[in-house]
Amino acid sequence: MDDPECYDKASKYWAEIPATVDGMLGGLSKVSTSDINFSSRCFEQLKSKGFITQSQLAVDVGAGIGRISKHFLSKHFDQVDLLEADEHFLAAAPDYLGPTVLKQIRKTIPLRLQDFHPEPETYDCVWIQWVSSHLRDEDFVEALRRLKASLRAASNGLIFVKENLTQPHQGDEFDSLDASVTRTRERFLELFEQAELTLIRESKQDRFPTELYEVRLFALQ
């Protein structure tokens, strides 16, 4: 995935996707509850170990219509920023989120992750899910470095990356349909090291259909 035109191709792909939960999950809305429940359990376990001691502000990276913010982040943080490049997803977010959760949205940020430059010491939690596959390695590493600086030290904040993985013998897989790349676990660990991040915890998603990619949640600092 070295061609910058891949970013334009990905944008065109997502512009045609319905602004629904099924659209966000590639027709697999049935996995949403299992996904949220697993993420919530892992999050709570890390909080119990002294991470994310404050709950002022999180950022939902590649938020789409706000599925993760509505069912997960809004339950743990006073406010959430929605980072989403696709305008029609952001336009649909208020109706999907509903009035109560909408009050917790501090702002929407209409940018791609590779173009996002957050202020230092801003967030207690950065949540990146099913987004990194659309970034070239070097852009993902640079984005992670900026996000690391955006964590609030007083909160002992964390970056979470939740993503599909291929198996080592398969190597990275490029999908020409949406210009995405599915990486191996080993490749992710290399990129985290390049970004000077420490792996705090790694967890394998359970209760997903066996025909899907393996999904892992990485907690980083």
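Biologist: Before we look at helix H7, what does "buried" mean here?
Modeller: A residue is called buried when its relative accessible area is under 20%, and please keep in mind that everything we discuss comes from a predicted model.

Biologist: Okay, so which residues of H7 are buried?
Modeller: In helix H7, which covers residues 185–194, the buried ones are Arg187, Phe188, Leu191 and Phe192. Looking down the axis of H7, these buried residues fall within an arc of 140°, so they line one face of the helix.

Biologist: And what do the buried residues of H7 pack against?
Modeller: They pack against helix H6 (137–150) and against two strands, S5 (158–165) and S9 (214–220).

Biologist: Which residue follows H7 with a positive phi?
Modeller: That is Glu196, and its phi is near 60°.

Biologist: Let's step back. How many helices and strands are there in the protein?
Modeller: The protein has seven helices and nine strands. Its radius of gyration is 16 Å, close to the 17 Å that the globule rule gives for 221 residues, so the protein is as compact as a globular protein of that length. Along the principal axes, its C-alpha atoms fill a box of roughly 40 × 35 × 35 Å.

Biologist: How much of the protein counts as buried?
Modeller: Of its 221 residues, 51% count as buried, while the surface that the protein exposes comes to about 10,300 Å², with carbon and sulfur atoms supplying 48% of that area.

Biologist: What about the largest nonpolar core, which residues touch the most other members?
Modeller: That core has 30 residues, and the ones touching the most other members are Ile52, Leu73, Cys125, Trp127 and Phe160. At least two residues of this core come from each of helix H3 (32–47), strand S2 (79–83), helix H5 (87–102), S4, S5 and S9. There is also a second, separate core of 29 residues, which includes Leu83, Tyr123, Leu144 and Ile159.

Biologist: Going back to Leu73, what does it touch?
Modeller: If we leave out residues up to four places away in sequence, Leu73 touches Ala58, Val59, Asp60, Ile68, Val80, Cys125 and Trp127. Across the protein, residues 24 or more positions apart account for 71% of the contacts with a separation of 6 or more.

Biologist: Last thing: which elements have the lowest and the highest mean pLDDT?
Modeller: Helix H1 (residues 5–15) has the lowest, at 93, and strand S4 (residues 125–129) has the highest, at 99. For the protein, the mean pLDDT is 97, and 98% of its residues reach 70 or more.

Definitions and conventions. Residues numbered from 1 in each chain as written. Predicted model: local features only at pLDDT ≥ 70, side-chain atom pairs only at ≥ 80, totals over all residues. Heavy atoms only, no water. pLDDT = per-residue confidence, 0-100. Helix = DSSP H or I, 4+ residues; strand = E, 2+ residues; numbered from the N terminus. Buried < 20%, exposed > 50% of the residue type's maximum accessible area, 1.4 Å probe, protein only. Arc of directions from axis to C-beta. Contact = heavy atoms within 4.5 Å. Rg over C-alpha atoms; globule rule 2.2 N^0.38 Å. Areas by Shrake-Rupley, 256 points an atom, 1.4 Å probe, with all protein chains shown as cover. Core = buried A, V, L, I, M, F, W, Y, C linked by side-chain atoms within 4.5 Å.
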